[in-house]
Amino acid sequence: MVLNSVKKLLIGGVLSLAVVLPTMSHAQAATKIGFVNTERILRDSKFAVESQKKLERDFSKRQKELEDLATKVKAEATKLDKDAITLPEAEKVRRQRDLAEMDRDFQRKRREFEEDLAQRKNQVVGELVERANRVIRQIAEKENYDIIFQEAVYANKRIDITDQVLSSLDNAK
């Protein structure tokens with residue numbers, strides 16, 4: 001009796017699978033999948049390249065000032081080390097204090113520079129990601145994609161639409 005019930009369950013399960021499997025494979029065959037290499041978008045798009053050049057222009061003056069200040073701090077430290085033996089103690093203490101103040105000023109300016117640069121880079125990346133996602137959605141809707149991935153361990157070139165996204169992104173303004 002228990003064997004009959006198990007048999008009936010197995011037969012029912014097999015019949016259910018026989019009905020469901022052809023439907024599942026048909027649904028899977030109709031699925032349209034795409035892949036976008038985000039790293040390439042962030043590196044190769046015209047917007048990314050132009051933004052990188054603009055950042056370099058905008059921040060080059062401050063970077064040069066920081067490099068000059070670092071050189072000055074290093075020169076003062078070297079000079080103090082060289083002169084320390086012959087300097088009177090009061091002069092030596094004063095120059096050490098001045099050097100420490102100069103170094104603190106340099107560290108503060110460097111930190112502010114790095115924070116400002118990081119903030120601007122994040123802003124640019126955010127704008128680019130927003131634009132790219134808008135273009136990807138447009139392509140997905142126009143070409144009836146079911147899903148488009150932006151992260152994958154592996155993606156076949158057949159489903160890679162990165163070039164299409166780059167082209168649309170570069171042509172959109």
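Start by selecting Ala152, in the loop between strand 2 (147–149) and helix 5. You are looking at a predicted model, so treat each stop as part of a prediction. Is Ala152 buried, exposed or partly exposed? With a relative accessible area of 41%, Ala152 is partly exposed. Now add Asn37 to your selection. The two residues are 115 apart along the chain, yet their C-alpha atoms are separated by 8.6 Å.

**Next door in sequence: Thr38**

Move on to Thr38, which belongs to helix 2. Which residues does Thr38 contact, leaving aside its neighbours within four places in sequence? They are Gln150 and Glu151. Show the side chain of Thr38 as sticks and follow it to the backbone oxygen of Gln150, which it reaches at 3.3 Å.

**Zoom out to the whole chain**

Colour the model by secondary structure. The protein chain has five helices and two strands, and from the N terminus on the order is α-β-α-α-α-β-α. There are 173 residues in the chain, and buried ones make up 23% of them. Take contacts between residues at least 6 apart in sequence: 81% of these join residues at least 24 apart.

**The span of helix 4**

Select residues 89–142 to pick out helix 4. How many residues does helix 4 have? The count is 54, and the distance from its first C-alpha to its last is 78 Å. That is close to the 80 Å expected at 1.5 Å a residue.

Now travel past the end of helix 4 to Asn144, in the loop that leads from this helix to strand 2. Most residues other than glycine have a negative phi. Asn144 has a positive one, near 60°. Put a surface on the model here: Asn144 is exposed, at 57% relative accessible area.

**Into the largest nonpolar core**

Next, select Val36, Ile41, Ile148, Ile161 and Val165. Of the 17 residues in the largest nonpolar core, these touch the most other members. Helix 3, helix 4 and helix 5 (162–171) are the elements that each give two or more residues to this core. Which of them gives the most? Helix 4 does, with seven residues.

Centre the view on Ile148. Not counting residues within four places in sequence, Ile148 is in contact with Gly34, Phe35, Val36, Ile136, Ala140 and Ile161.

There is also a second, separate core, made of twelve residues, among them Leu55, Leu80, Leu87 and Phe113. Choose Leu80 for a closer look. Leu80 sits in helix 3 and has a relative accessible area of 7%, so it is buried. Its contacts, beyond neighbours within four places in sequence, are Leu87, Lys92, Arg95, Gln96 and Leu99. Draw a line between the C-alpha atoms of Leu80 and Leu99: they are 8.7 Å apart in space and 19 residues apart in sequence.

**The largest pocket**

For the next stop, select Leu42, Arg43, Ala48, Val49, Ser51, Gln52, Leu55, Lys121, Val124, Val125 and Leu128, the residues that line the largest pocket. Its volume is about 170 Å³. Helix 2 (38–44), helix 3 and helix 4 each give two or more residues to the lining. Which element gives the most? Helix 3 does, with five residues.

Two lining residues deserve a visit of their own. Begin with Leu42, in helix 2. Leu42 is partly exposed, at 34% relative accessible area. Apart from residues up to four places away in sequence, Leu42 touches Ala48, Val125, Leu128 and Val129. Try a C-alpha to C-alpha distance from Leu42 to Val124: the two are 9.8 Å apart in space and 82 residues apart in sequence.

Finish at Ser51, in helix 3 (residues 46–83). Why does Ser51 count as buried? Its relative accessibility is 11%, and buried means under 20%. Turn on the side chain of Ser51 and look for the backbone oxygen of Phe47, which the side chain reaches at 2.7 Å. As you look along this helix, remember that an α-helix has 3.6 residues a turn, so residues three or four places apart point the same way.

Notes. Residues numbered from 1 in each chain as written. Predicted model: local features only at pLDDT ≥ 70, side-chain atom pairs only at ≥ 80, totals over all residues. Heavy atoms only, no water. Helix = DSSP H or I, 4+ residues; strand = E, 2+ residues; numbered from the N terminus. Expected span 1.5 Å × (residues − 1). Buried < 20%, exposed > 50% of the residue type's maximum accessible area, 1.4 Å probe, protein only. Polar contact = N/O pair within 3.5 Å; in protein donor to acceptor, adjacent residues only side chain to side chain. Core = buried A, V, L, I, M, F, W, Y, C linked by side-chain atoms within 4.5 Å. Contact = heavy atoms within 4.5 Å. 1 Å grid on protein atoms, 1.4 Å probe; cavity = no way out; pocket = protein on both sides within 12 Å on 5 of 7 lines; lining within 4 Å. Points joined across faces, edges and corners; volume = space filled by probe spheres on them.
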